[in-house]
Number of protein chains: 4
Amino acid sequence: MTSELETAAVRHVRERVAALHAELVRYGLVVWTGGNVSGRVPGADLFVIKPSGVDYDDLAPENMILCTLDGVVVPGSLGSERSPSSDTAAHAYVYRNLPEVGGVVHTHSTYATAWAARAEAIPCVITAMADEFGGEIPVGPFAIIGDDSIGRGIVQTLNGHRSRAVLMQNHGVFTIGRDARDAVKAAVMAEDVARTVHIARQGGPLVPIPPEAVDRLFDRYQNVYGQNPEGTLA
Amino acid sequence: MTSELETAAVRHVRERVAALHAELVRYGLVVWTGGNVSGRVPGADLFVIKPSGVDYDDLAPENMILCTLDGVVVPGSLGSERSPSSDTAAHAYVYRNLPEVGGVVHTHSTYATAWAARAEAIPCVITAMADEFGGEIPVGPFAIIGDDSIGRGIVQTLNGHRSRAVLMQNHGVFTIGRDARDAVKAAVMAEDVARTVHIARQGGPLVPIPPEAVDRLFDRYQNVYGQNPEGTLA
Amino acid sequence: MTSELETAAVRHVRERVAALHAELVRYGLVVWTGGNVSGRVPGADLFVIKPSGVDYDDLAPENMILCTLDGVVVPGSLGSERSPSSDTAAHAYVYRNLPEVGGVVHTHSTYATAWAARAEAIPCVITAMADEFGGEIPVGPFAIIGDDSIGRGIVQTLNGHRSRAVLMQNHGVFTIGRDARDAVKAAVMAEDVARTVHIARQGGPLVPIPPEAVDRLFDRYQNVYGQNPEGTLA
Amino acid sequence: MTSELETAAVRHVRERVAALHAELVRYGLVVWTGGNVSGRVPGADLFVIKPSGVDYDDLAPENMILCTLDGVVVPGSLGSERSPSSDTAAHAYVYRNLPEVGGVVHTHSTYATAWAARAEAIPCVITAMADEFGGEIPVGPFAIIGDDSIGRGIVQTLNGHRSRAVLMQNHGVFTIGRDARDAVKAAVMAEDVARTVHIARQGGPLVPIPPEAVDRLFDRYQNVYGQNPEGTLA
């Protein structure tokens, strides 16, 4: 039964999702087995996510876990003898409710989580943040694991918002993207701006960026930057 | 005489303890020859600990040191020509007095030690801390090396406490676990939350987590997370 | 047509510029695809710059992009099928207006950008800063991408100034040098002093360095340090 | 002529000094070509030091520079075609005036330099600092390169002091040791405690360690720690 589930699309997403976890390590966004990346399987009501509590050194395409959009492991699929990430329900909720999202990332990266522990949005005072997030990075509600409340908090906060990152109060950061790589980029950039703005403010008052400049930067970056600009989700 | 001391269980613990020291380096918890990991030998009144003042690059199973629960090097055992870690007495005291503990770690990791230099417990304001430590990370007494006072301070503070980490005043952090790996995980997570909560508080007032949410998170994490949840010590 | 464009001088600059990007990674000045290095081709009205939005792991001499001093990609040159860095116009403006400049670097390195988010110059309170920058690191205007305003801000701020680094308000840091390596050194040192002075000031009042000592240090360093002292730009 | 200068003792010190520079890189104490290690040649009025302005990746025993205790390069010695570190005069002054010193290290490591920019001694509030430095790390005078004033400031501050590290005002840190490795250890530990105590104090008031406990810790560590305790310089 495994073989017919393992379509080329599934294999491709397994490879991408497994490999992208190395970026969380490279940029210091995770410790031990914390954090997780998932990616939607194009053309199917499925997504691929990291197993729970497995070392980053041991992640590989074949131990990524294939789930339905209800967050249930597909029986008989590769790796299905393991439990998926304990955040699987939140990822699934996002995929069910935001059809344009192709990737989700969750970390407890230090600076983003520090803002989350104060339930404080990160103000947009650097142009890289205007480019990437189109303004502030917002705060989502306090919600604990065990039902749909984390997923619902992510979706309610990000739906219609330019930002692809949300600081979940007292918890950490979730990011979304058009695919898993785009969501990982958002996670890397969210921590980078969380750190820079924190340090900036420790030194004295911040200079705001005029809102119309934020708008121009965001528009340009979504449409011009890179080799194959396609826009992002917002 | 060496051969009969080197049971399969001893060899296994030597390998694990030697290898786990690399995690202290990977996560930046130690500098130079500081810090140490030990592991109890299952089914024997023995534990294995790092030698004193040896480079992390040079640690290997055969130079780990086998001690009795009184902290005395087992004569004739592999590596017994060297001195054990100067913190051996504290580890031994923990093993004698907390029979469920299978591993002990000590570091002077930066942020944990910073809280310890103020004799201030780390408040539980992030869910990862509720998961892992079930509440605040407490402070133990000021005690200096040379007798049982460090070991006694660790045991008195952690006995019956949910936290597997204690900040020893003006000193550093000790963690315990069901085995050496579990204690290393606690050391990694203790520094991670020490850093995040420090940075969070530099930016303004922290939002507390309701105690009943802390309880629910701790219960769930001890029983559900990972591939083989077995609960931890607390 | 490619072959005659690829003179030995162009090939040499391609190799240097591609390789120097690794220094931005080594010193943690950039994340993801951010940041860029360029180098002027000696004896030609050309410079070589990083392509836009390409991973640091994938940079190589043959995908660096050759531009005229108007910031236009040289048609038919190696790599010309890609877009150059989105900061190419700013680099080009600097090369057109400061003929002694042979290299330009741009990053959003954390501490330099933090000072830029406050529009605050970095005061010269450490001798390494006097050596390298001859005094404070100044702030340039708020300017956004899309025309010559960033390049003009860099040139107006650095022209006649001892500093080879400018903090562009709400944006990041640009550095110049007699060649690409010298500009990269300035970027590394700018972040180093931005970090040290930030941390110093968090702890209390800074001790100023007398202006005549700053002058002596700068003079000496520009003329004596290293194996082949040739002076820098200022 | 080179061959008779290259005694076994000189070759040994060249190897040690070249290799020890990698520890400055490993612990993040230096950027670019900054920082330097030197080691006295036992039984000779000579020391070996890093060349000026050479990349850390390119340091090797044969390009270390052999100097007399006046800080003059030994003519015809290996590597003598290069300039020695610009801090050579300060190292030489220390070797001339403190005969028990066998190694000297200088860095601009971030946190130590931050205390130096405020001309503030680092208070002894953690036991690792009592062990290693026997109390506070003192501040030396403001002195600039070009004559003996840096060397004199180091010697006047450290002579008779327990600390093997001195924060030179507005400059950086110098450390001494019984050999080059011991001085490098002091440089690593000085930055570690500079960072920990800085961060600790950002969070609130520090708890002092009673002076008699500092004395006991220092005595014990100098005489008991490690595999071959021999005491240090103080």
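**Exercise 1. Aromatic pairs**

Task: Find how many aromatic pairs the chains hold, and work out what the pair of A:W32 and B:Y27 joins.

Solution: Start with the count, remembering that this is a predicted model. Over all chains there are 8 aromatic pairs. One of them is made by A:W32 and B:Y27, with ring centres 6.3 Å apart and 40° between the planes. Pairing needs centres within 6.5 Å, and planes neither under 30 degrees nor over 60 apart count as tilted, so this pair is a tilted one.

Next, locate the two residues. A:W32 sits in the loop between α2 (8-26) and β1 (36-40) of chain A, while B:Y27 sits in the loop between α2 (8-26) and β1 (36-40) of chain B, so the pair joins two chains.

Last, check how covered each one is. A:W32 has a relative accessible area of 7% and is buried, whereas B:Y27, at 22%, is partly exposed.

**Exercise 2. A pair inside chain A**

Task: Decide which parts of chain A are tied together by A:F47 and A:Y95.

Solution: First look at the rings. A:F47 and A:Y95 form a tilted aromatic pair, 4.8 Å centre to centre with 35° between the planes. Then place them in the chain: A:F47 belongs to strand β2 (residues 46-49) and A:Y95 to helix α3 (residues 88-97), so the pair ties together parts that are 48 residues apart in sequence. Both A:F47 and A:Y95 are buried.

**Exercise 3. A charge over a ring**

Task: In chains A and C, find which ring lies under the charged end of R118.

Solution: Begin with chain A. There, the charged end of A:R118 sits over the ring of A:W115, 4.7 Å from its centre. Now turn to chain C, where the charged end of C:R118 sits over the ring of C:W115, again 4.7 Å from the centre.

**Exercise 4. Laying chain A on chain C**

Task: Work out what kind of axis relates chain A and chain C, and describe their contact.

Solution: Superpose the two copies. A turn of 90° with a shift of 0.0 Å along the axis lays chain A on chain C with an RMSD of 0.0 Å. The copies are thus related as by a four-fold rotation axis. In chain A, the C-alpha nearest this axis belongs to A:Q202, 5.4 Å away from it.

Now examine the contact. Chain A gives 33 residues and chain C gives 31 residues. Only 3% of the interface residues of chain A are also interface residues in chain C, so the copies meet through different surfaces. About 2800 Å² is buried between the two chains, 58% of it on carbon and sulfur atoms. The contact between chain A and chain C also has 2 salt bridges. One of these links A:R26 with C:D57, whose closest N and O atoms are 2.7 Å apart.

Which chains, by contrast, do not touch? Chain B and chain C do not, their nearest C-alpha atoms being 11 Å apart. Chain A and chain D have no contact either, and their closest C-alpha atoms also lie 11 Å apart.

**Exercise 5. A covered helix**

Task: Is helix α3 (residues 88-97) of chain D mostly covered or mostly open?

Solution: Count the buried residues. The helix has 7 of its 10 residues buried and is mostly covered. Among the buried ones are D:H91, D:Y93 and D:Y95. Then see what lies over them: the cover includes strands β1 (36-40), β2 (46-49), β3 (65-68), β4 (103-107) and β7 (172-177), along with helix α6 (149-158), of chain D.

Note on methods
Residues numbered from 1 in each chain as written. Chains lettered and ligands numbered in written order. Predicted model: local features only at pLDDT ≥ 70, side-chain atom pairs only at ≥ 80, totals over all residues. Heavy atoms only, no water. Phe/Tyr/Trp six-rings, centres within 6.5 Å; stacked < 30°, edge-to-face > 60°. Helix = DSSP H or I, 4+ residues; strand = E, 2+ residues; numbered from the N terminus. Buried < 20%, exposed > 50% of the residue type's maximum accessible area, 1.4 Å probe, protein only. Lys NZ or Arg CZ within 6 Å of the ring centre and 35° of its normal. Least-squares fit on C-alpha atoms with pLDDT ≥ 70 in both. Contact = heavy atoms within 4.5 Å. Buried area = accessible area lost by both parts, 1.4 Å probe. Salt bridge = Lys/Arg side-chain N within 4 Å of Asp/Glu carboxyl O.
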